[in-house]
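Student: I should like a close look at a single part of this model, with enough of its surroundings to place it. Please choose the part and describe it in connected prose.

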Amino acid sequence: MEEDSTATMVDDSNVSQAGAALPVEAPVEPAASPESTPADAVTPTSANAEPASSVPPAEPSNVPASDVLPPDTTASVASPAVAAQIQWIKGGSERVRGKSQTHIVLWKPEIAVEAGYEASLEQIIQRAEGVRFSSYGTPLPTGCDEYGSTKELFTLVRKTIAEQALLPRQASSLLTHYVLSTWFPDALPLAPCLEITGSAEDGDRVLHTLRDLCRNPLLMMGVNLTNLQTIYWDPPPTLLFNEPNLTKQKVAFLGCSTRRGYLHGKWSNYKDYYSSKAIYLEDMPVGRKLQWSLQVNATSSTATRMAPALSNSAVVNIQRQLLFYRISNLIKVENSAFDAPDLPADIRPVANALGACVVGSPELQGQLISLLAPQVEQRLADRSSSLEGMTVEAILSLSHQGKSKLLAGEIAIEVNGIAKARGGRLEFKPENIGHTLKKLGLFTKRLGKHGRGLVVDQPTLIRVHELAQVHGVGLDVDEKNLHCLLCAENTRVM
Ligand SMILES: [Zn+2]
């Protein structure tokens, strides 16, 4: 496996395992007074605390605090009338200097723990270990627990997301659909990629919340394909990326790896990076989009209650329920018949994958379609106002006027008219239109001395009408296309 070796970074290996107390010859503190104990160092309200007390004592003491605290220090601490019982329990590592400048050791001093707060220290130590060894810190279930119904589990996850990431209902619901999908990538035809937008702080909050809830999560700084090759991939992790600079190559990686079969690597060592992924990005490069993705804006809502961070045991508790949900429903997700036929072709498979993961709940599946509606509208609007969309609209309009040949320049004039009417400032040239036609699969040819253009024959007309439907342009029945049979046909299909 990966990094599970228990390496202890110590310059002096002879004393690194000392644990509770330093060896006699270890740190010598010239400034430390005999009274300065760990209790002084962790008592910020003590007015008498000398600066020297913030460094480790010459001879750390295991004596309970009440026995070593000077009486005046105790008096100055703003504590309740009845002092809570303090125990001293061995904590995590401190890096301290010994008798010489080059003598550095790891020391595990005892920590003052009020009765009833023992679990807090345990949690702090576990968290610190998780920082050093990623698999120690990765939230994982310890087994399985009953989750009630799909709706009950959905509500638990949604409320957790709303409270931890401060999100309104729509965003937290969409994220819940994503979270559930991360537990079933092996039963889905595609693993939708979640694209998180918003401020850096909002993105960070969402990524950390997802880390507590997704299956086998790995929170990564940036998308680095070389590093991903070294990750243990059984089972595939849910990769959560914070990536401010999304290059064209990374967009391709994220998009392709939502589906099985795309390989990356070198000869005889190819890897399929198919797995659930989420990415926080500041800005999507202009003109690009992540294929098979789901967008969620993470702008926090002040109306949402801010809850304390989830404890380790709370995370394990939810993870146990999610694992039971997975093993109870894996086969049902694999055989799901859920379909959202009314959604556009680039969103429908994403909706189908997410809908398959809310097993036995038509109510949640119906809500999912409504949750996706703004994305559908946005994509249609983006598409119809893109150069491709406007070019199709221009060709459709000109061909409805009965023209059989369209010069690129003629189409450019029409496109510029449409763009201007919508408040656009760009002027498109015939060359731009030529490129766009090629992209749309409409091929131009030389039309005499006037330059290149499009011959509007029947196959071209059919293609243009299909493209108009895809881009959501120009198919509303009006006086221009009243007698167009292809428009009438498309209206019936829609
Ligand atoms: Zn028509």
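**The parallel sheet and its setting**

Tutor: The protein chain contains 18 helices and 14 strands, where helices (H or I, at least four residues) and strands (E, at least two) are DSSP runs numbered from the N terminus. The model is a predicted one, in which local features need pLDDT of at least 70 and side-chain atom pairs count only at pLDDT 80 or more, while totals for chains, interfaces and linings use all residues. Numbering starts from 1 along each chain, as its sequence is written.

Of the 494 residues in the protein chain, 33% count as buried. A residue is buried if 20 or more other C-beta atoms, placed from the backbone, lie within 10 Å of its own, exposed if 12 or fewer do, and partly exposed in between. Among contacts with a separation of 6 or more, 68% in the protein chain join residues 24 or more positions apart; a contact requires C-beta atoms, placed from the backbone, within 7 Å.

The part chosen is an open sheet of five strands, which pair in parallel in the order β6-β7-β10-β5-β11. Two strands count as paired if DSSP finds at least two bridges between them. β6 (217–221) and β11 stand at the edges with a single partner strand each, so one side of each has no neighbour in the sheet. Direction ignored, neighbouring strands of this sheet are turned by 20° against each other on average; axes are lines fitted to C-alpha atoms, for helices over the stretch in contact, and angles run from 0 to 180 degrees between N-to-C directions.

Within the sheet, β5 (residues 193–197) runs parallel to β10 and is joined to β10 by four bridges. Glu195 stands opposite Ile279 in β10. Helix α7 (residues 169–181) lies across β5, β10 and β11, and runs at about 145° to β11.

The packing can be followed from here. The largest nonpolar core has 63 residues, and those with the most contacts inside it are Val179, Ile196, Leu210, Leu240, Ala278, Ile279 and Val296. Such a core is a set of buried Ala, Val, Leu, Ile, Met, Phe, Trp, Tyr and Cys residues joined through C-beta atoms within 7 Å. Neighbours within four places in sequence aside, Ala278 is in contact with Tyr178, Cys193, Leu194, Ile196, Leu210 and Leu240. Apart from this core lies another, of 20 residues, with Leu396, Leu406, Ala412 and Val464 among them.

Three loops deserve mention for their backbone geometry. In the loop between α9 (225–228) and β7 (238–242) is Pro235, and the peptide bond that leads to Pro235 from Asp234 is cis, with omega near 0°. Trp292 occupies the loop between β10 (277–280) and β11 (293–297). Its phi is near 50°, a positive value in a residue other than glycine, and Trp292 counts as buried because 20 other C-beta atoms lie within 10 Å. Ser268 belongs to the loop between β8 (263–266) and β9 (269–272), and its phi, near 70°, is likewise positive in a residue other than glycine. Ser268 counts as exposed because it has 5 C-beta neighbours inside 10 Å.

The setting of Leu396, from the other core, is helix α14. α14 (residues 387–400) has 14 residues and reaches 20 Å from first C-alpha to last, close to the 20 Å expected at 1.5 Å a residue; the expected span is 1.5 Å times one less than the number of residues. The buried residues of α14 are Gly389, Met390, Thr391, Val392, Glu393, Ala394, Ile395, Leu396 and Ser399. They are covered by elements including α13 (362–384), β12 (405–407), α15 (408–421), α16 (430–439), β14 (452–455) and α17 (458–471). After α14 comes Gly402, with a positive phi near 90°.

Ala419, in helix α15, is a point of contact with α14. Ala419 and Met390 are 29 residues apart in sequence and 7.4 Å apart in space, C-alpha to C-alpha. Neighbours within four places aside, the contacts of Ala419 are Met390, Gly424 and Leu426. With 18 C-beta neighbours inside 10 Å, Ala419 counts as partly exposed.

A contrast in strand direction is found elsewhere in the chain. β2 (residues 94–97) and β3 (residues 104–107) pair in the antiparallel sense over four bridges, and form a hairpin with six residues between them. Val96 has Val105 as its bridge partner in β3.

Key:
Two residues are in contact if their C-beta atoms, placed from the backbone, lie within 7 Å.
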